[in-house]
Structures are given as C-alpha cells and as structure tokens.
Amino acid sequence: MLRALSISASLMGLLWSYGLASVAVAAEVPDDGSACEGFGEYSYICGPISAEDLVLIPGTNWIVASGFGGTVSLYLVDAEQKTWSSFYPADEPRARQDMSIYGACPGSPDPNNFAGHGLNIRPGSDDHSTLYVVGHGEREAIEVFDVDATGDVPVLTWTGCVMTPDGMQANSVASLDDGSLLVTIPLYTGINISEAFIQKQTGAVYAWSPGDAGFTKVDGSEMPY
C-alpha cells in the first residue's frame, strides 16, 4: 500500500541503530538541523527525499533507498559511515540490456524522468544481486538492475524491464527463485482511490515469468487498493 505520509526534502531523515538494526523516517526535522544530531544510541542520515522503500545489498552494509521525488531515483546509503550518495542516475548511468530475458523491454528508462518506488533484491552469485524497482515517470514498469558489490562501492547497471499492463501504476514487487515477478497494482485504469473506501475491488496482484509477453492478473487476488 502507498504510504499515507508524504515527506518533503526538508523533513526527511533515516534513523539507524547499531548500523543496521533499526531504520525509521523522521516525519518532522527542524529547520535548524538539530534532529540530525541524533540522541542516545540513535543517529540520523538526512538529505534523501521521500525514501519510499529500503533494501539491504546482500553480504554488505550498503542499503538502497528509493527516491519518490526529487532528482535522485535510488540512493546508496553506507550504514557504517552514515552517509549517502546518488545510486541512480548518478554521474554516468550504466545500461546493458539482457535481451534473452527482457527482449520485450523497449530500452533503458530516461534517467532524468524516473522515480523509484517499491524495491526487491535477490542475491545472485559472485557478489552480484538483482534489484527490482517499481518505476514511474516516463513509463510504468518494473526496472531491473544488476548490483555489483565486488568493489569498495557497489556498482549499478540497468539490465531490463517488464512493462505494466495498460500503463497502470504498480506499488510493490517481489521476485521468485526462477526469475518470476509478482507486483501489486492497487488501482485499475479509470478507477479512483475513493472507490476503495466503499470496498470496490480496485486492483490486484499480477505475475510475470521469463518468456511471458507481459504481466497477467492472478486469479482471486483482487481487493480494495
């Protein structure tokens, strides 16, 4: 479900305890910056805009946060140093489409018109992982990235996408061992969110597997938002 709380750039922070144990978002950050000073065993990482979702890169202390506003779609957070940087688009966005799996994808997204939303990451081999991002902006799709954690700092490379049906907006994505994907689409085209409050079935779960032409609705998964 979309988060009910929208947080602007000046009000946003990430709270960490023991490096990775606890993560929270500060809904109110005073203009004088005092909230970023931390308290007790807690400290903030301030600056990222509307971090919608968080995933830990397997085997590391690096965390990816999706940016649902501003010019950065994905942030890379160093949980040890308590710092962050732009992960995508970064200075030179890398793209290498895997045509064997994502041949139906029309190409890499416009990095200047892209907003990250729900995230999912699946460990691979040799310190590589696959990051799945619910993408908005130029198009509605699940964008797929390779995360290379073999160096001192992870490297991100776009490898493909799966377009959502009829350009509908997805909210969350999950991956399975065989590369299949499940996404939640809370609102069908032409449906208003207010219809969910009268218990109308407004959306559903959709599934995709490598080789499929696109996402298909999972029978029996419809529900209000």
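User: What makes residues count as being touched by Ile193, if those up to four places away in sequence are not counted?

Analyst: Ile193 touches Leu187 and Tyr225, with residues up to four places away in sequence left out, and contact here means that heavy atoms lie within 4.5 Å. With Tyr225, Ile193 shares a C-alpha to C-alpha distance of 7.3 Å, although the two stand 32 residues apart in sequence. This is a predicted model, in which local features need pLDDT of at least 70 and side-chain atom pairs count only at pLDDT 80 or more, while totals for chains, interfaces and linings use all residues. Residues are numbered from 1 along each chain as its sequence is written, and side-chain values use heavy atoms, with hydrogens and water left out.

User: Why is Ile193 called partly exposed?

Analyst: The relative accessibility of Ile193 is 41%, and the scale calls a residue buried under 20% relative accessible area, exposed over 50% and partly exposed in between, using a 1.4 Å probe and protein chains only. The value for Ile193 therefore falls in the middle class. Ile193 is placed in the loop between β14 and β15.

User: Why does Gln199 count as exposed, and where does Gln199 lie?

Analyst: Gln199 has a relative accessible area of 59%, which is over the 50% limit, so Gln199 is exposed. Gln199 lies in the loop between β14 and β15 (204–208), and the phi of Gln199 is near 65°, a positive value in a residue other than glycine.

User: Is Ser50 buried or exposed, and what is the phi of Ser50?

Analyst: Ser50 has a relative accessible area of 17%, which is under 20%, so Ser50 is buried. The phi of Ser50 is near 50°, a positive value in a residue that is not glycine, and the place of Ser50 is in the loop between β3 (42–46) and β4.

User: How do you know that β4 and β5 pair?

Analyst: Strands are DSSP runs of E with at least two residues, helices are runs of H or I with at least four, and both are numbered from the N terminus; two strands pair if DSSP finds at least two bridges between them. Strand β4 and strand β5 (residues 62–67) have 4 bridges in the antiparallel sense, so the requirement is met. One position in this pairing is Val55, which stands opposite Val64 in β5.

User: What makes β4 and β7 edge strands in their sheet?

Analyst: The order of this open sheet of 4 strands is β4-β5-β6-β7, with antiparallel pairing. Each of β4 (51–56) and β7 (83–88) has a single partner strand, so one side of each is left without a neighbour in the sheet. Neighbouring strands of this sheet are turned by 30° against each other on average, direction ignored, where the axes are lines fitted to C-alpha atoms (for helices over the stretch in contact) and angles run from 0 to 180 degrees between N-to-C directions.

User: Why is strand β9 described as mostly covered, and how many bridges join β9 to β10?

Analyst: In strand β9 (residues 114–123), 8 of the 10 residues are buried. Strand β9 and strand β10 (residues 128–137) are joined in the antiparallel sense over 8 bridges, so the rule of at least two is satisfied. Phe114 has Gly137 as its bridge partner in β10, and in the hairpin of these strands, with 4 residues between them, Asp126 takes a positive phi near 55°.

User: Why does Asp146 have no salt bridge, and which side chain is joined to Asp146 by a polar contact?

Analyst: A salt bridge is a side-chain nitrogen of Lys or Arg within 4 Å of a carboxyl oxygen of Asp or Glu; Lys and Arg count as positive and Asp and Glu as negative, while His and the chain ends are not counted. For buried Asp146, the nearest side chain of opposite charge, Arg96, is 4.8 Å away, so the limit of 4 Å is not met. A polar contact is a pair of N or O atoms within 3.5 Å; within protein, one must be able to donate a hydrogen and the other to accept it, and residues adjacent in sequence count only if both atoms are side-chain atoms. The side chains of Asp146 and His128 are joined by such a contact of 3.0 Å. Asp146 is placed in strand β11 (residues 141–148).
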